[in-house]
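Trainee: I have a model open and some labels to check. Can we go through what earns each one?

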Amino acid sequence: GDKVFVLESHIKPGGSAHTFSRMHNGGKYSFEVGPSIFEGLDRPSLNPLRIIFDILGEEMPVKTYTGLGYWTPTGYWRFPIGSKQKFENLLLEQAEDGPKAVEEWNALRKRLKTLGGSTTAVSLLNLRQDSGFLATTAGSLPFVLTHPDVFLDLPLTFDSLHKTVDKIVSVPFLRNFIDTMCIFCGFPAKGAMTAHMLYILERFFEDSACYSVPIGGTVELANTMIRGLQKFGGKIQLNAHVDEIIVENGRAVGVRLKNGNVIKANKAVVSNATPFDTVKMLGSNQDLPEGVKVWRESLGKLPRHGAIMHLFLGIDAEGLDLSHIEDPAQLVVQDWGRSLQDSQNLCSFFIPSLLDDSLCPKGKHVIHVYSSGGEPYEPWEKLKPGTAEYEAYKEERAQVLFQAVQRAIPDIMDRLEFKIIGSPLAHEAFLRRDRGTYGMAWAAGTSAPHAGLLGGILPFPFPNLKTPVDGLLRCGDSCFPGIGTPSAAASGAIAANTMNTVDKHIEMLEEIGRKDPMYKFMDPGFLANLYKPLVGPMTPSSELRVEQTISTT
């Protein structure tokens, strides 16, 4: 395979999926920083993260749970994952019109059944951005021939989910639930890609479905990736902040680090930074190819979500009875009439030490509380960290996060050992995300700028992973399939597939297809041979057809 050198700006790997620790009274407390709700990591599944782990031959121990707690204006209820019947029972108990809610839910599943079925006909890891995709997705042909309506529904995959929901679902409880299932991608149903809901509709109601907590914290996601990277000869360097992407004769040939070191790459530079940060790295003094100026300006002006507020709590759990909540992950909504993108309306809290007692001393708990990605950045940019005004504003904006936890633990303030409030400025500094943004906010329904050929055919809400600079690719949550750790991992895999020949890509798919029956559908089989003679010579595309070497100067 290719030689890979990963440059991580932070002193810890994983981006938002990392864990940090604090010592308090001689005890070590480890906190989650970003994502906390994962499905499909406990066994082979359709989750791109799990598929990548299995391709690398790496394991990540987890503990599991089977629900998500909701604290709403009408009280507490629990979404049970892994049981269609239990979810229908929930609708009957909680919805304004239970029987109608069940009917509408099943109607929505039926309407999207063909598209949902396509998730087991072709995987995200079968995709690539060149003509080679005809060969790597050829295994889906039998599904397409038996479900010809999938072509008619293809635009719906990338369109806003609300267009379908509005035609079918009228019960407020069910509409609110669907919005919360979508909001982790940044939008409620209005603005969220229909594709985001397909996985939930297909997978979350299977008997084996459950959520997972990585033992040791979410940093284990990154550690597992690193083991796979190093096993195949790749390298990673931490605290390696890229200051500039070097372009020579219209081609990205390497990067210059903040410390002045230059890393050369003959094949490609792949940026996992936000589009807002990536365009800054091209600098203003380089001779760039024609078209880059317009591309850079339009990407830099893409709409973005707000930032996130964080609250990290170490508490005394002596005598604490949490039997009234069954799961470590909880969602809190103050008012269904307000936007779920309002950071003072929606937040989540996560108590991983309920399942993983290695994260804190015995008799204690660690809690991560975080807002939706809608915290306005503008008031923060006027403040200077460390000043009295800054600290007072942190306390003010974090009050709603404290109140959220108090719903489940009323005496939380009496149990508090210590707290850490993370502002958007901290989010920006530690995660190297411009203005601390949750991510790009191009609502589904129209094609994003520079969406490529697909954007001219379908309402594709992502800029192309390819760029006007030869040898410069993008991946991460501003690329398809979007926000979320599994989606970001899938985008990286799509970029890697695009950089390699179709033969290498198919070889990988054949290998993973043999590893577990769950993955057999990923092997395009003999049908790939129909397309390989046609598309093989054109892969990878011309701007990537060079031998890769890496050196440091």
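Trainee: Which residue in strand 7 is the bridge partner of Trp71?

Mentor: Tyr76 is the partner of Trp71. Keep in mind that this is a predicted model.

Trainee: How do you know that strand 6 and strand 7 pair?

Mentor: Pairing takes at least two bridges. Strand 6 (residues 67-72) and strand 7 are joined by six bridges. They therefore count as paired, and they run antiparallel. A hairpin of two residues links strand 6 to strand 7.

Trainee: What makes strand 7 an edge strand?

Mentor: Strand 7 (75-80) pairs on one side only. Strand 18 (416-422) is the other edge strand. The open sheet has seven strands in the order 7-6-15-16-17-14-18, with mixed pairing. Its twist averages 20° from one strand to the next.

Trainee: How do strand 15 and strand 16 run, parallel or antiparallel?

Mentor: Strand 15 (residues 329-333) and strand 16 (residues 346-350) run antiparallel, joined by five bridges. One pair to look up is Val333 with Leu346 in strand 16.

Trainee: Why are helix 2 and helix 9 called oblique to each other?

Mentor: Helix 2 (residues 84-94) and helix 9 (residues 172-182) pack at about 130°. Roughly perpendicular ends at 115 degrees, and roughly antiparallel starts over 145. The angle falls between those cut-offs, so the two helices are oblique. Their axes are 10 Å apart.

Trainee: Which residues make that contact between helix 2 and helix 9?

Mentor: Helix 2 supplies Phe87, Leu90, Leu91 and Gln94. Helix 9 supplies Phe173, Leu174 and Phe177. The contact residues of helix 2 with helix 9 divide into six nonpolar, one polar and no charged.

Trainee: What makes helix 9 largely enclosed?

Mentor: Eight of the 11 residues of helix 9 are buried, so the rest of the structure largely encloses it. Among the buried residues are Asn176, Ile178, Thr180, Met181 and Cys182.

Trainee: Why is Ser423 called buried?

Mentor: Buried means under 20% relative accessible area. Ser423 has 0% relative accessibility, so it counts as buried. Ser423 lies in the loop between strand 18 and helix 17 (424-431). Beyond its neighbours within four places in sequence, Ser423 is in contact with Ile308, Met309, Trp380, Tyr390 and Lys394.

Trainee: How do you know that Cys479 and Cys475 are too far apart for a bond?

Mentor: A disulfide needs sulfur atoms within 2.5 Å. The sulfur of Cys479 is 6.5 Å from that of Cys475, the closest cysteine sulfur, so the gap is too wide. The structure holds zero disulfides. Cys479 counts as buried, at 3% relative accessibility. Cys360 is buried too, at 7%.

Trainee: Why is Arg432 called partly exposed?

Mentor: Partly exposed runs between 20% and 50%. Arg432 has 34% relative accessibility, so it counts as partly exposed. Arg432 also has a positive phi of about 55°, although it is not a glycine. Most residues other than glycine have a negative phi. His450 has a positive phi as well, near 60°. His450 is partly exposed at 34%. Arg432 sits in the loop between helix 17 and helix 18 (453-457), and His450 is in the loop between helix 17 and helix 18.

Trainee: Where is the cis peptide bond of Pro481, and what is its omega?

Mentor: The cis bond joins Phe480 and Pro481, with omega about 10°. Pro481 is in the loop between strand 19 (472-474) and helix 19 (485-499). Another cis bond joins Thr539 and Pro540, with omega about -10°.

Key:
Residues are numbered from 1 along each chain as its sequence is written. This is a predicted model: local features need pLDDT of at least 70, side-chain atom pairs count only at pLDDT 80 or more; totals for chains, interfaces and linings use all residues. Side-chain values use heavy atoms; hydrogens and water are left out. Buried means under 20% relative accessible area, exposed over 50%, partly exposed in between (1.4 Å probe, protein chains only). Axes are lines fitted to C-alpha atoms, for helices over the stretch in contact, and angles run from 0 to 180 degrees between N-to-C directions. Helices (H or I, at least four residues) and strands (E, at least two) are DSSP runs, numbered from the N terminus. Contact means heavy atoms within 4.5 Å. Ala, Val, Leu, Ile, Met, Phe, Trp, Tyr, Cys and Pro count as nonpolar, Asp, Glu, Lys and Arg as charged, and the others, Gly among them, as polar.
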